[in-house]
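Visitor: I'm new to this one, so could you walk me through it at an easy pace?
Guide: Gladly; here it is to look at while we talk.

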Amino acid sequence: MKILTCAVIGAGYAGIHAVKEIRKMFKDQAGKYPLRLVMIDKNDFHLRKVLMFRPAVINEDIRVPLTKLFPDGVELVQGIVSNINAEEKKLLYVNPSGVEHEMNYDVLIVAAGSVIRQPDPGQGGIPLTSLENAQKIRSKWLSNLEQAAAETEPSERDRLLQIVVSGAGISGIETAAELAYYARKDAERLGLDPQTVTIDLYNAHERLFLDGPAKVGLRLEHLLQDIGINTLHHKRVIKEEDGVLWLSNGESRPAGLCIWTLGLQPNPMLSAIGLPVTSEGDIQVDASYRVADMPGVYSIGDCARIVDPVNGHVDGKTCKEAIPQAARLAKIILADLEGHQAPVHESYMNLFCIGLGPDKGLTWVNKWGLDFVITGKLSWKIKKYTWDTASMLTT
């Protein structure tokens, strides 16, 4: 009996859940479809990308070894996919040593995710885009604190203790909130007054949380204010240079540390490896996650443009959306193999959990036309559960 080779590109949230759900779905189909399941990623670990701010504020490892998530039953391949030949059902990948390999597949899932948007090199500051940059942010802040502790000039000391977060999406909000707690703890350890640490969150839009109602955005702003964060609306940072922050309106302000949190953009590798993409760079899929004109190839998660066929809603780039996509994908693959009617995409409920530092958060749910808001420790527990579930760390 022919073994069915199913390859999954990407060990992000969508990828690891795709592997989990396909294993579960095909466990009872072993007699009909003996499965070889392969996961391909450039790293040998799953990166908890939504927690990128943690290494920036405290020493925390946000990598999970893939061998921990999949100790058996999954073939783990470290490499970067360089080409997909859908006609011959083959892909090429380059291993860490630079050697190119070929792999045949029967089913291919592209879950390559998104990449974090970067500022131009000349804009200064440090973008929160990688583990390395998160560690640079931490190092820069600790250096600023040491200088501030020895500084006798009040204005220079104030500048060194000024933190700017440019970009007020969920990542920017959560980064600022974590800094509000940990950066002040750092200052206190060096004998500095923690209240002299200033954290400004720059928002180019008219309010926070554009994905939800204005009243929830205002509630969020008040909660940030309560923990010592200044939110500045309609303020776009252009660059940081030599300790000076320049805004689009010509204003300049002192800044000791500038952190960019500019959101996500499509993975640039997608079109390069032969996948059909939209003008924005997302993979084109139908309502059952099938990649256009590439039989046997599917895509979910951040890298795909997934639209609800009923209401036209486009899924966002969050792990809470990737998880149900993965569960549905497993059913779709089995239905396609057996020639049955496959399930189609359904939008996830309007739900957002936003962490606001240790033991604090805001959760918004819109159900039955009503807005439900949970704050405080319960919201933080919901957020933590969401983070852990997304990385398959819950039991």
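What follows is a chat about its surface, a pocket, some backbone angles, salt bridges and a few distances.

Visitor: What kind of model is it, and how are residues numbered?
Guide: This is a predicted model, in which local features need pLDDT of at least 70 and side-chain atom pairs count only at pLDDT 80 or more, while totals for chains, interfaces and linings use all residues. Residues are numbered from 1 along each chain as its sequence is written, and side-chain values use heavy atoms, with hydrogens and water left out.

Visitor: Which residues make the nonpolar surface patch of about 390 Å²?
Guide: W368, L370 and F372 make that patch. Patches consist of residues with over 30% relative accessible area and no salt bridge, where nonpolar side chains (Val, Leu, Ile, Met, Phe, Trp, Tyr) are joined within 5 Å and like charges within 9 Å. The accessible areas come from the Shrake-Rupley method with a 1.4 Å probe, and for residues only the protein chains shown count as cover.

Visitor: Where is W368, and is it buried or exposed?
Guide: W368 is in the loop between β24 (361-367) and β25 (370-375), and it counts as exposed because its relative accessibility is 72%. Buried means under 20% relative accessible area, exposed means over 50%, and partly exposed is in between (1.4 Å probe, protein chains only). Strands (E, at least two residues) and helices (H or I, at least four) are DSSP runs numbered from the N terminus.

Visitor: Switching to pockets, how much space lies in the second largest pocket?
Guide: The second largest pocket holds about 190 Å³ of space. On a 1 Å grid over the protein atoms alone, a pocket is an open set of points with protein on both sides within 12 Å along at least five of seven lines, whereas a cavity is a set where a 1.4 Å probe fits but cannot get out; lining residues have an atom within 4 Å of a point. Grid points are joined across faces, edges and corners, and the volume is the space filled by probe spheres set on the points.

Visitor: Which elements give two or more residues to the lining of the second largest pocket?
Guide: Those elements are α6 (170-189) and α10 (376-390), with α10 giving the largest share, four residues. The residues lining this pocket include R48, E178, Y182, W380, K384, W387 and D388.

Visitor: What's the mix by class in the lining of the second largest pocket?
Guide: The lining has six charged, five nonpolar and one polar residue. Here Asp, Glu, Lys and Arg count as charged, Ala, Val, Leu, Ile, Met, Phe, Trp, Tyr, Cys and Pro as nonpolar, and the others, Gly among them, as polar.

Visitor: And the backbone, what is the phi of H234?
Guide: H234 has a positive phi of about 55° although it is not a glycine. Most residues other than glycine have a negative phi. H234 lies in the loop between β14 (229-232) and β15 (237-241), and it counts as exposed at 57% relative accessibility. D293 also has a positive phi, near 60°; D293 is in the loop between β20 (283-284) and β21 (297-299) and is exposed at 79%.

Visitor: How many salt bridges are there?
Guide: A search of the whole structure finds 23 salt bridges, each being a side-chain nitrogen of Lys or Arg within 4 Å of a carboxyl oxygen of Asp or Glu. One of them joins E21 and K24 at 3.6 Å, N to O, and since these two are three residues apart in helix α1 (residues 13-27), about one helical turn separates them. E21 counts as buried at 12% relative accessibility, whereas K24 is exposed at 51%.

Visitor: What about E338 and K32?
Guide: Their side chains meet in a salt bridge of 2.9 Å, N to O. E338 lies in helix α9 (residues 319-338) and K32 in the loop between α1 and β2 (35-41), so the pair ties together parts that are 306 residues apart in sequence.

Visitor: Last one, how far is P121 from V57?
Guide: Their C-alpha atoms are separated by 23 Å, and the two residues are 64 apart along the chain. P121 is in the loop between β10 (114-116) and β11 (126-127), and it is exposed at 84% relative accessible area.
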